[in-house]
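Visitor: Hi! I'm new to this one and would like a quick walk through it. Could you put it up on the screen?
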Amino acid sequence: MFILVRSICIQVFQRYVTKIKYRHRRLSPWHKLRYMVFGLGNKTYEHYNAVAIYLDKRLEELGATRVYELGMGDDDANIEDDFITWKDKFWPAVCEQFNIESAGEEELTRQFRLVTHPPGDIAPNEIFTGEIARLHSLQTQRPPFDAKNPFLAQITVNRELHKGGGRSCLHVELDISGSKMRYEAGDHVAVYPINDNQLVERLGNLTGADLDEVFSLINTDQESSKKNPFPCPTSYRTALSHYLEITALPRTHILRELVEYCTDEEDKKKLLLMATNSQEGKSMYQSFIVDACRNIVHILEDIKSCRPPLDHLCELLPRLQPRYYSISSSPKLHPETVHITAVVVEYNTPTGRVNKGVATTWLAKHKPEAGKPLPTVPVYIRKSQFRLPLQTQTPILMVGPGTGLAPFRGFLQERALARAAGKQVGDNILYFGCRHRDQDYIYQEELEEFEKNGDVKLHVAFSRDQAHKIYVTHLLEKNLDQIWDVIGNQNGHFYVCGDAKNMAVDVRNIVMKAVQEKGGRTESEAAQFLKKLESMKKYSADVWS
């Protein structure tokens with residue numbers, strides 16, 4: 001049995017395993033089970049591959065036989081490289097265990113076959129034009145709305161929050177009236193983006209394809225539940241615009257497939273080397289793809305003899321995923337609208353190109369204009385565990401630099417409304433950081449109005465307004481007494497939102513320090529105290545890497 005494990009709640013999984021182990025004992029002895037586990041995780045998160053580690057250990061305890069050692073992939077680095085490294089050693093172990101003769105080099109076979117539909121072969125109303133699952137779902141909207149049936153929300157407000165500095169941060173308001181969708185402060189909104197039309201056109205030119213040609217990709221395995229890689233039939237233009245990630249860095253298995261379409265031997269060798277697990281291949285992949293930020297368009301531009309058919313690229317490229325944003329409003333104040341706070345992603349690459357974020361680039365181009373229909377975007381609400389305390393009198397401490405402020409804007413709106421209604425409201429303490437007070441201090445007027453009304457105690461760090469950089473973590477570390485008073489003395493809640501890789505780790509270490517120094521705990525006691533807060537939802541993190 002080969003088990004591929006994604007990161008899920010370890011507590012939920014442990015309860016599940018406990019429930020099934022007795023049932024499974026009655027069905028078949030564990031000692032007959034032979035297994036191997038590979039976990040998919042991200043090292044920026046505290047419980048890195050915790051489920052895979054637990055499952056691997058528990059199966060051994062129950063008497064099952066491990067065929068090969070636990071493998072762990074890190075999505076913060078190169079998860080595919082981790083898997084390939086593990087797989088290259090895993091297969092010989094399987095062959096030895098089951099007395100199988102290895103066939104040697106893997107044969108490349110296509111999973112989907114191409115069917116081209118001539119003009120008039122399919123009625124226009126039977127061709128997918130960007131729908132996620134159900135044909136015409138964006139034209140004929142029916143609740144409930146979810147990942148496969150998003151709601152087409154109107155963009156009623158789309159304004160710039162930055163006052164200068166060359167970067168852009170958008171405040172976007174989405175009208176969800178009539179959708180029956182409900183949200184709470186702290187939830188996420190999923191936005192289905194559309195790829196940049198220039199990139200789509202360029203990819204069509206590089207592959208010599210007619211982007212308006214209608215086609216289907218059909219699984220060669222007739223018993224598979226996945227009949228198509230994305231909704232079919234559709235046009236190449238629609239597939240590249242709505243269904244495929246064309247800006248992501250291609251994984252090594254895609255490079256291996258591209259080798260077959262190179263006419264130049266040097267180009268073949270280069271792609272083949274990057275697709276291998278050798279140290280030289282890994283190094284070249286890192287420099288040519290990762291460090292240079294090359295997407296599939298850039299690769300075809302720079303490896304000029306490589307000209308794959310577009311239908312094969314459509315099979316190889318991953319599915320375009322929705323982009324999730326922490327909702328920056330409260331339904332108590334804005335029940336019919338969802339607010340988004342998003343930095344527009346745009347950066348120069350070492351090759352002289354300009355790479356842009358898919359969703360924020362699209363949003364930046366779609367602003368309401370007088371006399372024109374409002375722009376629309378498919379969305380749905382994703383519930384979160386990032387929640388305000390049930391009791392308004394419970395104090396909260398929030399750390400959210402940059403757009404990490406988003407959910408806390410909703411929190412403050414809700415708590416201010418409660419205070420205005422005469423309810424007793426505990427302290428709201430906010431640590432916010434940006435580069436310059438006069439450039440990227442987002443929602444400055446709102447925050448200062450909250451502070452003036454007694455709805456928040458503000459601690460703001462402007463990292464580049466002085467010779468030495470000052471971050472929110474510097475301000476937080478100066479207030480260990482305050483941290484302990486909130487979480488230790490007043491039974492309050494602590495929240496952090498933003499960068500998982502550095503900021504969230506530093507914040508957690510500072511809280512640990514406060515528990516030790518001000519709470520009189522040892523290091524192990526402080527760690528246990530923090531884990532208890534997390535299990536009680538009194539220490540919550542909404543972070544990304």
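Visitor: Let's start with G492. Where is G492 placed?
Guide: G492 lies in the loop between α15 (480-489) and β19. Keep in mind that this is a predicted model.

Visitor: Is G492 buried or exposed?
Guide: Buried, with a relative accessible area of 0%.

Visitor: What is G492 in contact with, leaving aside its neighbours within four places in sequence?
Guide: The contacts of G492, with those neighbours left aside, are T394, P395, V486, I487 and K538. You can also look at L533, which is 41 residues from G492 along the chain; the C-alpha atoms of the two are separated by 9.7 Å.

Visitor: And N491, where is that found?
Guide: N491 is in the loop between α15 and β19. Its relative accessibility is 47%, so N491 counts as partly exposed. N491 also has a positive phi of about 60°, although it is not a glycine.

Visitor: What sign does phi usually have?
Guide: Most residues other than glycine have a negative phi.

Visitor: Which other residue has a positive phi without being a glycine?
Guide: C293 is one of them, with phi near 55°. C293 is found in the loop between α8 and α9, and at 17% relative accessibility it counts as buried.

Visitor: Back to β19. Why is strand β19 described as largely enclosed?
Guide: Strand β19 covers residues 493-499, and 6 of its 7 residues are buried, so the rest of the structure largely encloses it.

Visitor: Which strands are joined to β19 by bridges?
Guide: Strand β16 (residues 396-399) is joined to β19 by 4 bridges, and the two run parallel. There, M398 stands opposite Y495 of β19. Strand β20 (residues 539-544) is joined to β19 by 6 bridges, also running parallel. In that pairing, G498 has V543 in β20 as its bridge partner.

Visitor: Where can I see antiparallel pairing?
Guide: Try the open sheet of 3 strands, in the order β5-β9-β10, where the pairing is antiparallel. Its edge strands are β5 (112-117) and β10 (234-235), each pairing on one side only. Between strand β9 (residues 214-219) and β10 there are 2 bridges, and F215 stands opposite T234 in β10.

Visitor: What is in the loop between β9 and β10?
Guide: P233 is placed there, and the peptide bond from C232 to P233 is cis, with omega near 0°. Another cis peptide bond joins P143 and P144, where omega is about 5°. P144 is in the loop between β5 and β6 (151-160).

Visitor: Now a helix. How many of the residues of α5 are buried?
Guide: 6 of the 8, so α5 is largely enclosed by the rest of the structure. The buried ones are Y236, T238, A239, L240, S241 and Y243. What covers them includes β5, α4, β9, β10 and α10.

Visitor: Which residues touch the most other members of the largest nonpolar core?
Guide: In that core of 37 residues, they are L203, F230, L240, L244, L258, L271 and C314. Among the elements that each supply at least two residues of this core are α4 (197-207), β9 and α5 (236-243). L203 is in contact with L240, I246, I296, V297, L300, L310 and L313, leaving aside its neighbours within four places in sequence. There is also a second, separate core of 27 residues, which includes I429, M503, I510 and M512.

Visitor: How many disulfides are there?
Guide: A search of the whole structure finds 0. For C306, the nearest cysteine sulfur is that of C262, 3.9 Å away. For C434, the nearest cysteine sulfur is that of C169, 11 Å away.

Visitor: Let's switch to H339. Where is H339 placed?
Guide: H339 is in strand β12 (residues 337-343), and at 1% relative accessibility it counts as buried. Its side chain is joined to that of T337 by a polar contact of 3.4 Å.

Visitor: Last one: what pLDDT does the protein chain average?
Guide: The average is 92, and 94% of the residues score at least 70. Over residues 20-25, though, pLDDT stays under 50.

Terms used:
Residues are numbered from 1 along each chain as its sequence is written. This is a predicted model: local features need pLDDT of at least 70, side-chain atom pairs count only at pLDDT 80 or more; totals for chains, interfaces and linings use all residues. Side-chain values use heavy atoms; hydrogens and water are left out. Buried means under 20% relative accessible area, exposed over 50%, partly exposed in between (1.4 Å probe, protein chains only). Two strands pair if DSSP finds at least two bridges between them. A disulfide is a pair of cysteine sulfur atoms within 2.5 Å. Contact means heavy atoms within 4.5 Å. A nonpolar core is a set of buried Ala, Val, Leu, Ile, Met, Phe, Trp, Tyr and Cys residues joined through side-chain atoms within 4.5 Å. A polar contact is a pair of N or O atoms within 3.5 Å; within protein, one must be able to donate a hydrogen and the other to accept it, and residues adjacent in sequence count only if both atoms are side-chain atoms. pLDDT is the predictor's confidence in each residue, from 0 to 100.
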